[in-house]
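Welcome! Take a moment to look over the sequence and the 3D view, and then read on for a guided walk through the fold.

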Amino acid sequence: MTTNVQAARLAAIVHADDFAGADALLAAFVQSLLQCGWRVGGVVHERRTNALGRKGMFLTDITTGREFCISQDLGPQSHACCIDPAGVAQASAVLRQALADGVDLVIVNRFGALEAQGGGFAAEMLALAQAGIPLVTVVAEKHFETWEAFTGGMAVRLPAHLHALCTWSAPWAPRSATQETA
């Protein structure tokens, strides 16, 4: 994995499998970018109780606020992965729209099990990378080796700190954002 933070337009916050702070960190990063005038696309992840009172996972489109449920209820006795590939497929339109809009930066909630197997958001992430749009995601330690292969070692590994995300993204700040901070 590349160590030159300024050269890598792909970045990942790599964490232990139980790191719950990633979602809040990415949401805070999005808010800081939006306040500085960035055009940010992508999706952020949230775990919460759904309309039926069951815990669920949701993705929120950063641009429109539209939500996508990406979990399926497998029952109280299930220990299987509850990711709903159909929900992820619906949410993938958000990443394709970010590419079409030519946003300044894209947030992808996770490079997880689906992406590690070539599904999920993998195709959209590759298209965004090919277009040169800076992209940051979260990767569990168990998927890190696959992430490195996926990115060809051209991504940077960031610590789970807002300052690290801001430092990484600074080279691609839109002109309006750099004028506001000058």
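## A walk through the predicted model

In the hairpin formed by strand 3 and strand 4, five residues lie between the strands, and Gly65 takes a positive phi near 85 degrees. Please keep in mind throughout that this is a predicted model.

**Strand 3 and its partners**

Let us stay with strand 3, which covers residues 55-61. On one side, strand 3 is joined to strand 2 (residues 40-49) by seven bridges, and the two run antiparallel. One pairing to look for here is Arg48 with its bridge partner Gly56 in strand 3. Strand 3 also pairs with strand 4 (residues 67-69), again antiparallel, through three bridges. In that pairing, Phe58 stands opposite Cys69 of strand 4.

Why is strand 3 described as largely enclosed by the rest of the structure? Six of its seven residues are buried, so the rest of the structure encloses most of this strand.

**Helix 2**

Next comes helix 2, with 17 residues (85-101). At 1.5 Å a residue, helix 2 should span 24 Å, and its end C-alpha atoms are 25 Å apart, which agrees.

Both ends have something to show. At the N-terminal end, Asp84 acts as a cap: one of its side-chain oxygens lies 3.1 Å from the backbone nitrogen of Ala86. Just after helix 2, Gly102 takes a positive phi of about 60 degrees.

Which residues of helix 2 are buried? They are Gly87, Val88, Ala91, Ser92, Val94, Leu95 and Ala98. As you read along that list, it helps to know that an α-helix has 3.6 residues a turn, so residues three or four places apart point the same way. The cover over the buried residues of helix 2 includes strand 2, strand 3, strand 4 and strand 5 (105-111), along with helix 3 (113-116) and helix 4 (122-130).

**Two nonpolar cores**

In soluble globular proteins, nonpolar side chains tend to be buried together. The largest nonpolar core in this model has 26 residues, and the members that touch the most others are Leu59, Val106, Val108, Phe121, Met125, Leu135 and Trp147. Two or more residues come from each of strand 1 (10-15), strand 3, helix 2, strand 5, helix 4, strand 6 and helix 5. Helix 2 gives the most to this core, with five residues.

Met125 is a good place to zoom in. Setting aside neighbours within four places in sequence, Met125 is in contact with Val108, Phe111, Glu115, Leu135, Thr137, Trp147 and Phe150. There is also a second, separate core of 22 residues, with Ala22, Trp38, Ile107 and Val156 among them.

**Salt bridges**

How many salt bridges does the structure hold? There are six. Three of them are set out here, with the distance between the closest N and O atoms.

| Acidic partner | Basic partner | Closest N and O atoms |
|---|---|---|
| Asp23 | Arg110 | 2.9 Å |
| Glu46 | Arg48 | 3.1 Å |
| Glu141 | Arg157 | 3.0 Å |

Start with Asp23 and Arg110, which form a salt bridge. Asp23 belongs to helix 1 (residues 22-35) and Arg110 to strand 5, so the pair ties together parts that are 87 residues apart in sequence. Are these partners buried or exposed? Asp23 has 13% relative accessibility and counts as buried, and Arg110, at 18%, counts as buried too.

The pair of Glu46 and Arg48 has another setting. Glu46 is partly exposed at 34% relative accessibility, and Arg48 is partly exposed at 26%.

Glu141 and Arg157 link distant parts of the chain, 16 residues apart: Glu141 sits in the loop between strand 6 (135-140) and helix 5 (144-151), while Arg157 is in strand 7 (residues 155-158). Glu141 counts as partly exposed at 41% relative accessibility, and Arg157 is partly exposed with a relative accessible area of 38%.

Finally, salt bridges that share partners join Glu46, Arg48 and Glu67 into one network.

**A last stop in helix 5**

Thr151 lies in helix 5. With 9% relative accessibility, Thr151 counts as buried, and its side chain reaches the backbone oxygen of Glu148 at 3.3 Å.

Terms used. Residues are numbered from 1 along each chain as its sequence is written. This is a predicted model: local features need pLDDT of at least 70, side-chain atom pairs count only at pLDDT 80 or more; totals for chains, interfaces and linings use all residues. Side-chain values use heavy atoms; hydrogens and water are left out. Buried means under 20% relative accessible area, exposed over 50%, partly exposed in between (1.4 Å probe, protein chains only). Helices (H or I, at least four residues) and strands (E, at least two) are DSSP runs, numbered from the N terminus. Two strands pair if DSSP finds at least two bridges between them. The expected span of a helix is 1.5 Å times one less than its number of residues. Contact means heavy atoms within 4.5 Å. A polar contact is a pair of N or O atoms within 3.5 Å; within protein, one must be able to donate a hydrogen and the other to accept it, and residues adjacent in sequence count only if both atoms are side-chain atoms. A salt bridge is a side-chain nitrogen of Lys or Arg within 4 Å of a carboxyl oxygen of Asp or Glu. A nonpolar core is a set of buried Ala, Val, Leu, Ile, Met, Phe, Trp, Tyr and Cys residues joined through side-chain atoms within 4.5 Å.
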